[in-house]
Amino acid sequence: MESIKFVCPYCKKINRLPKKSSYTKAKCGGCGASLLEGKVIEANSSDFNYILENATVPVIVDFWASWCGPCRMMAPNFEQASRNLAPKVQFVKVNTEENPQIAAQFGIRSIPTLIIFKNGVEVHRVSGALSTEQIMQLVSQFQ
Ligand SMILES: [Zn+2]
């Protein structure tokens, strides 16, 4: 059976799950948390590359900052999209003030910027705040 790898947002264990079109139950093998809650991982320099290297589902990263109005406006949309799509898509956010080296690594010039990665490789990026539907539509192209 085909499988996917999804990083637990709580304990960061890599979970291998059967690939399905929808999930009714998925628990983390490490901490027991439900992987369907869609909690967004707040990544930093110690775990960002780890997530990119290990998740086999599309990873969508929100580069944001606390002073950015459009970022704060989009945050609930990003969380809602994550709840709708977990564990088929891995949702990650990076605070560019606290992690300037990650922002520099990807040449982030304006925020919010969303970057989608497949198997650790950037496949798409877009700047500006999006609605929940726009985020879901965007990332579903890469599943
Ligand atoms: Zn866990």
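Begin by selecting helix H2, residues 69-85, in this predicted model: its 17 residues reach 25 Å from the first C-alpha to the last, which is close to the 24 Å expected at 1.5 Å a residue. While the helix is still selected, look along it to alanine 75, where there is a kink of about 30°, shortly before proline 76.

Next, colour the buried positions of H2, which are Cys71, Met74, Phe78, Ala81, Ser82 and Leu85. To see what these buried residues pack against, add strand S4 (59-64), strand S5 (90-95) and helix H4 (132-140) to the selection.

Stay for a moment on one of these positions, methionine 74, which lies in helix H2. Is methionine 74 buried or exposed? Methionine 74 has 24 other C-beta atoms within 10 Å and therefore counts as buried, since the cut-off for that class is 20 or more. If you leave aside the neighbours within four places in sequence, the contacts of methionine 74 are Pro112, Ala129 and Leu130. A distance drawn from the C-alpha of methionine 74 to that of lysine 93 should read 12 Å, for two residues that are 19 apart in sequence.

Lysine 93 leads to the sheet, so hide the side chains of the helix and show the strands as a cartoon. The sheet is open and consists of five strands in the order S3-S5-S4-S6-S7, with mixed pairing. Its edge strands are S3 and strand S7 (121-127), each of which pairs on one side only. H2 packs on this sheet, where it touches S4 and S5, and the direction of the helix makes about 155° with that of S5.

Now select S5 by itself, a strand that is mostly covered, with five of its six residues buried. On one side, S5 is joined to strand S3 (residues 41-42) by two bridges, and these two strands run parallel; here glutamate 42 stands opposite lysine 93. With S4, the pairing of S5 is again in the parallel sense and extends over six bridges. Which residue of S5 does aspartate 62 stand opposite? The residue facing aspartate 62 is lysine 93, and if you then trace the backbone from S4 through H2 to S5, you follow a β-α-β crossover that is right-handed.

Move to valine 61, which can be used to step across the sheet: valine 61 stands opposite valine 92 in S5 and also opposite isoleucine 115 in S6. The pairing of S4 with S6 is antiparallel and runs over five bridges.

Continue outward to S6 and S7, which pair in the antiparallel sense over six bridges; to view one of these bridges, select isoleucine 116 and its partner in S7, histidine 124. The two strands form a hairpin with two residues between them. Centre the view on asparagine 119 in the loop between S6 and S7, where phi is near 50°, a positive value in a residue other than glycine. Asparagine 119 is exposed, because its count of other C-beta atoms within 10 Å is 12 and the exposed class takes in counts of 12 or fewer.

A further positive phi can be found at lysine 12, with a value near 70°, in the loop between strand S1 (3-7) and strand S2 (14-18). Lysine 12 counts as partly exposed, because it has 17 C-beta neighbours inside 10 Å.

Two peptide bonds deserve a separate selection. The bond from alanine 86 to proline 87 is cis, with omega near 0°, and proline 87 has its place in the loop between H2 and S5. A cis peptide bond also joins isoleucine 111 and proline 112, where omega is about 0°; proline 112 is found in the loop between H3 and S6, and is one of the residues in contact with methionine 74.

For the last stop, select serine 110, in the loop between helix H3 (100-105) and strand S6 (113-118). Serine 110 is exposed, because 10 other C-beta atoms lie within 10 Å of its own. A final distance, drawn from the C-alpha of serine 110 to that of valine 139, spans 20 Å between residues that are 29 apart along the chain.

Definitions and conventions: Residues numbered from 1 in each chain as written. Predicted model: local features only at pLDDT ≥ 70, side-chain atom pairs only at ≥ 80, totals over all residues. Helix = DSSP H or I, 4+ residues; strand = E, 2+ residues; numbered from the N terminus. Expected span 1.5 Å × (residues − 1). Bend = angle between axes of the 7 residues up to and from the residue. Contact = placed C-beta atoms within 7 Å. Pairing = 2+ DSSP bridges. Right-handed = clockwise from strand over helix to strand, strands pointing away. Axes fitted to C-alpha atoms, helices over the stretch in contact; angles between N-to-C directions.
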